[in-house]
Structures are given as C-alpha cells and as structure tokens.
Amino acid sequence: MKKSYFQFQAQQTQEFARHREAEAEKETTRVRGRLFERVTLHPLDYAAVAMSLLNLKNRCDKTNNFPDDQFSKLPDEILVSIVSLMPLKEASQTSILSHRWRYLRTFTNGSLDFDCSALLNLLGIEKYCEKRKGWVNGVLRLHQGSTIDELRACSVVSDKNFTLDIENWLSFLLRKKVKRFALECKGLRNCDYQQYTLTDQFLCNYGLDSLTVLCLTYVQVTEKALLYVLSNCPFLEVLSVECLDSLQNLKPSGPLVGLRNVAISTSYYAHVARILLGNVPNLVEASYAGLYAFFLLRERDQMPSYLSLLETLSLVLTWQRISQFSRFPILRNLRHLNLTLLVMDVKSLLGCTSLLVAFPILHRFVVDLMG
Amino acid sequence: MSNTSENPNPSSSSAKITLKTSDNELFEVEEAVAMKFCTVKQYFEDEKDNDVAARGSSTVIPLPNVHSAVLARLISYCKKLPQSNAVADNHEEEETKKKERKQYGTPGDLVDLISAANYLDFKEGLEFFNQALADHIQNKSVEYVRKFFGIKGDFEPHEEEKYREEYAWAFEGVDED
C-alpha cells in the first residue's frame with residue numbers, strides 16, 4: 001500500500017515532467033532514481049520522501065523560471081514599458097531573448113521608427129526593397145498594443161504593390177490612432193511608377209483626430225485631401241506635404257491654432273502663403289522656396305499679421321530677387337534665418353544687410369550659396 | 001525642500017510621515033516627498049478619513065514589499081526630482097540625463113528600484129528607472145543581455161535560428177560584441 005502511494009506520486013511527477021524541457025527532464029529522472037533507492041532503504045520514511053518530492057517540484061519550477069533571472073521580479077507590463085522606451089530595432093532584438101520576451105515587444109504603444117536611411121545605405125536599394133516589405137508588414141501584423149504613437153518609415157516606389165502597402169499601413173495606423181506619421185517614399189531612378197496620391201476618398205474612412213505630425217515625402221496629396229486633413233485634425237502641429245493641385249480653393253474653415261510647423265510645396269504658384277498661413281496664428285517655423293518666397297516678400301506689407309510669431313524662416317531665392325528688395329518686412333521674433341541663394345556670381349553679400357535690420361533679435365544667420 | 005525648520009502647523013509641507021520597510025526600518029519622510037508615492041498617499045488619505053482624531057503625522061505606514069536600501073534610494077531620487085524633470089531639448093542635455101541615469105547603480109539595483117516604484121505607484125520614478133534599464137539593454141547583443149541579466153535562452157536551437165531570421169533586419173549592422 002505504501003508502495004502504491006509512492007508510485008502515484010512518481011506518476012504525478014512524470015506527468016509534470018512531460019511539460020518541461022529536456023534539461024529539466026533529465027534532472028527529474030535522476031532525482032526520481034535516487035528517490036526509489038531511498039524507498040527501498042526506508043520504506044516507512046514518508047516525511048523524507050514527501051520532502052524530496054517537494055524539493056523536486058521546486059527544483060523543476062526553478063528550472064522553468066531561471067533562478068537568477070533578474071527580470072523575474074518584474075511583471076510583464078513593466079517589461080513592456082521598458083521595451084517601449086527603446087528604438088524599434090533594439091526593441092525587436094529583445095524578442096530573441098527567451099519565450100517570455102518573444103511577444104512583449106508587440107504590446108508596446110511607443111514609436112515604430114524604421115530607421116530607413118541607415119538601412120538603405122547599408123543594403124543598397126535593391127536588397128532593401130526586397131526586405132522592406134516583410135519587415136514593416138511583419139512588425140505591424142504582430143502589433144498587439146491598442147495604439148501606436150509614431151511610425152516613421154520609408155518605402156521605395158519600385159513595385160506595383162507599393163500603393164497597396166501604403167494604404168494598408170495608413171489604414172492600420174489610423175485605426176490604431178497614430179499620433180505621428182512620417183512616410184518617405186523614394187523613387188528609383190530607372191523606374192516610371194507614379195507617385196502615390198493620397199485622396200480624401202481614402203482619408204474620410206478614418207478618424208484623424210489623433211494626428212499631431214503628418215509628414216509625407218514624395219507622396220502627393222490632393223487639395224481636397226489637404227483640406228480634409230486641415231479641418232479634421234484638431235491637434236495637428238507639424239504638417240509637411242506635397243500638393244498636387246493649385247490650392248486655389250483651399251480655405252480652411254477655422255483658424256489652425258495648433259499648427260506650428262508647415263511645409264506645403266506645390267507645382268503651382270498660387271498664393272498659398274496667404275490663403276493657408278493667414279489662418280495659422282501660432283506658426284513658428286516656415287520655409288519658402290521659389291515663387292513663394294517672391295510672393296512672400298512682395299506682399300510684405302500684409303505679412304506681419306500672420307507671421308509675427310515666426311522664429312525660424314528659410315528662404316530659397318535668387319540673388320537678383322533679394323537685391324530687388326530694399327526693405328524687408330520686420331519680424332520681431334525671428335531668431336533663425338536660413339537663406340539659400342541661387343547665384344551665378346556674387347561679388348558681395350552686402351545686399352543682405354537689409355535683412356539684418358528687419359530681424360532685431362536674429363541669433364543665427366545661415367547663407368547657402370548654390371549655383 | 002529647504003524648510004526644515006519647525007512649523008507650528010502640522011498640515012503644512014514640513015509635516016513628516018513615517019514609513020516602515022520590509023526589514024522593519026523606520027523612515028521619517030517629508031509629507032511632500034511621501035505624497036509622490038501614490039500607494040502611500042492613498043493609505044494616508046484613507047487613514048485620515050478613518051481616524052478623525054487626526055494623529056495623521058504619527059501613523060506608521062507599512063511597506064512590506066520595499067526594502068530599506070531601496071526606499072532610501074527612492075527618497076533621495078525624489079528629493080532631486082525638480083531639476084531632473086526638465087525636458088531634454090537637445091543632444092547635450094540628453095547626454096547629461098543619460099549620465100544621470102547611469103548613477104543609479106547596476107541593472108540589478110534598477111530592477112529592485114523599478115519593482116519598488118511600481119509597488120509604490122511612483123510614476124516619475126518608474127519612468128526614470130525604466131529608461132535607465134532600457135539604456136542598459138539597448139545596443140547590447142542578445143548573448144550579452146542574457147548573460148548579464150541571467151535570462152535563460154529557452155528556445156530550441158532551430159526555433160532560435162528561425163526567430164533570428166525573422167528579425168534579421170534588426171541585427172543588420174549590429175556589432176557582435
């Protein structure tokens with residue numbers, strides 16, 4: 001009868017052992033062997049056997065839960081928040097650590113920054129294209145967190161499916177209430193694929209109220225889509241897009257209070273500056289190129305009303321243009337001025353002195369000569 | 001934090017709260033500091049409600065999950081809080097903050113600090129120490145992190161091979177030391 005008790009116990013141990021790894025199992029067999037030896041020696045020693053079994057169980061538990069693992073003291077939520085603080089690449093590496101870490105990363109809400117440029121340089125464009133897909137798609141597919149704060153990625157306009165990819169990413173991210181989204185598309189030199197065009201038909205399926213940063217490079221945006229963004233993103237702070245249309249009709253309904261940094265380029269030369277920026281009272285950084293810069297200066301009398309808080313201004317101008325203006329509009333808050341001059345030959349930069357008068361607290365003045 | 005002089009009004013910020021750690025040590029802490037620990041705050045407020053006779057400052061709050069060594073460090077961190085909370089704008093500030101985070105000892109200490117900060121529901125501390133631990137882990141090879149923190153790589157060799165393949169992009173350009 002006593003023996004059957006031990007057998008029962010041993011059976012349980014066996015069952016327990018089945019769930020463990022090879023290493024732990026080896027130990028079990030070893031200890032079990034010792035145990036039966038002991039039974040034959042002292043058949044009546046219940047307590048000792050019970051103790052051994054208990055020890056055995058503890059030991060097995062410990063092998064499962066590595067005794068020196070520092071992280072065993074911390075709950076998964078904490079580990080997730082630690083992983084959230086790391087850049088995507090480092091965070092992804094943690095999934096190789098052990099079973100426990102395998103999917104922790106996918107629960108993060110943090111930033112997903114696919115540091116593309118570095119990788120692109122490293123791999124070369126063709127190899128990159130090949131890898132990129134599985135990579136971004138893989139990370140997004142596994143993502144379990146309820147929200148995503150940030151996604152930075154770049155895509156190469158190289159294959160027919162890239163439009164689908166971008167739309168998949170966007171719809172996934174907008175559903176996850178992404179706050180900051182930056183997408184840089186790159187065109188291949190010998191490739192005729194069209195740029196991706198973002199339309200309002202696509203956007204209107206999603207709520208955009210979480211967006212604070214939207215930067216799209218080499219992606220075109222229709223006028224309607226732009227208007228949709230401007231009127232549906234109450235917290236938008238940074239906007240950088242390339243627009244397809246002339247923007248003649250772009251009239252946002254209310255003032256864009258949150259917007260602090262805008263860069264809109266278009267192939268047309270409408271009076272975007274006035275139309276759009278007239279409604280951005282808190283703008284602190286602006287850049288103008290080509291005809292925009294020209295218009296900006298030509299309409300200088302109206303300018304202070306909507307650029308009075310400007311702290312950083314970048315202008316791209318031809319030398320002839322800059323010398324046409326003897327008087328610059330005064331911007332009392334401007335601290336940084338980046339001036340890119342397209343020049344044939346410049347003998348002296350004396351013409352810039354009028355700039356310095358116009359910006360009383362200018363801290364940094366950078367002149368780039370191109371030509 | 002400089003008003004250590006005696007204040008006739010016990011409810012002012014110089015009031016002290018006594019905390020008792022797992023190893024039965026008593027800590028007398030300024031109320032302003034103790035209130036940063038939400039768990040303590042909660043306990044303190046409940047206590048106040050229950051005991052209208054209000055000997056609030058003389059109650060001892062037990063912290064059975066926190067060791068005295070850890071609590072001492074948390075309190076010293078708490079006292080330094082105001083300046084370390086400034087937002088890092090530029091690279092330089094980020095570097096000094098990184099150095100500051102490094103001062104809080106070995107990863108093992110950090111795990112204890114995080115565990116305690118979590119129990120005490122001390123948000124700023126938790127964020128800070130989490131970041132410090134993240135600093136320790138990132139840019140290290142998998143083998144290094146496993147060894148350093150005693151994590152047992154419990155994948156079968158073929159599994160590990162497969163997962164590494166899956167995340168190959170994350171390992172591109174990582175120095176293997």
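**Exercise 1.** What should the 14 residues of α9(A) span at 1.5 Å a residue, and how far apart are its end C-alpha atoms?

*Solution.* The model is predicted. Step 1: the expected span of a helix is 1.5 Å times one less than its number of residues, so for the 14 residues of α9(A) it should be 20 Å. Step 2: the end C-alpha atoms of α9(A) are 20 Å apart, which agrees with the expected value.

**Exercise 2.** Find where A:Lys177 sits and classify its exposure.

*Solution.* Step 1: A:Lys177 belongs to the loop between α9 (162–175) and β3 (180–187) of chain A. Step 2: its phi, just after α9(A), is positive, at about 60°. Most residues other than glycine have a negative phi. Step 3: a residue is buried at 20 or more C-beta neighbours within 10 Å and exposed at 12 or fewer. A:Lys177 has 17 inside 10 Å, so it counts as partly exposed.

**Exercise 3.** Do the corresponding analysis for B:Asn24.

*Solution.* Step 1: the loop between β1 (16–20) and β2 (26–30) of chain B holds B:Asn24. Step 2: B:Asn24 is not a glycine, yet its phi is positive, near 60°. Step 3: B:Asn24 is exposed because 9 other C-beta atoms lie within 10 Å.

**Exercise 4.** Which residues of helix α4 (residues 76–84) of chain A are buried, and what covers them?

*Solution.* Step 1: the buried residues are A:Ile78, A:Leu79, A:Val80, A:Ser81, A:Ile82 and A:Val83. Step 2: their cover includes α5 (88–93) of chain A. Step 3: from chain B, the cover includes α5 (107–120) and α6 (123–137).

Note on methods. Residues are numbered from 1 along each chain as its sequence is written. Chains are lettered from A and ligands numbered from 1 in the order in which they are written. This is a predicted model: local features need pLDDT of at least 70, side-chain atom pairs count only at pLDDT 80 or more; totals for chains, interfaces and linings use all residues. Helices (H or I, at least four residues) and strands (E, at least two) are DSSP runs, numbered from the N terminus. Two residues are in contact if their C-beta atoms, placed from the backbone, lie within 7 Å.
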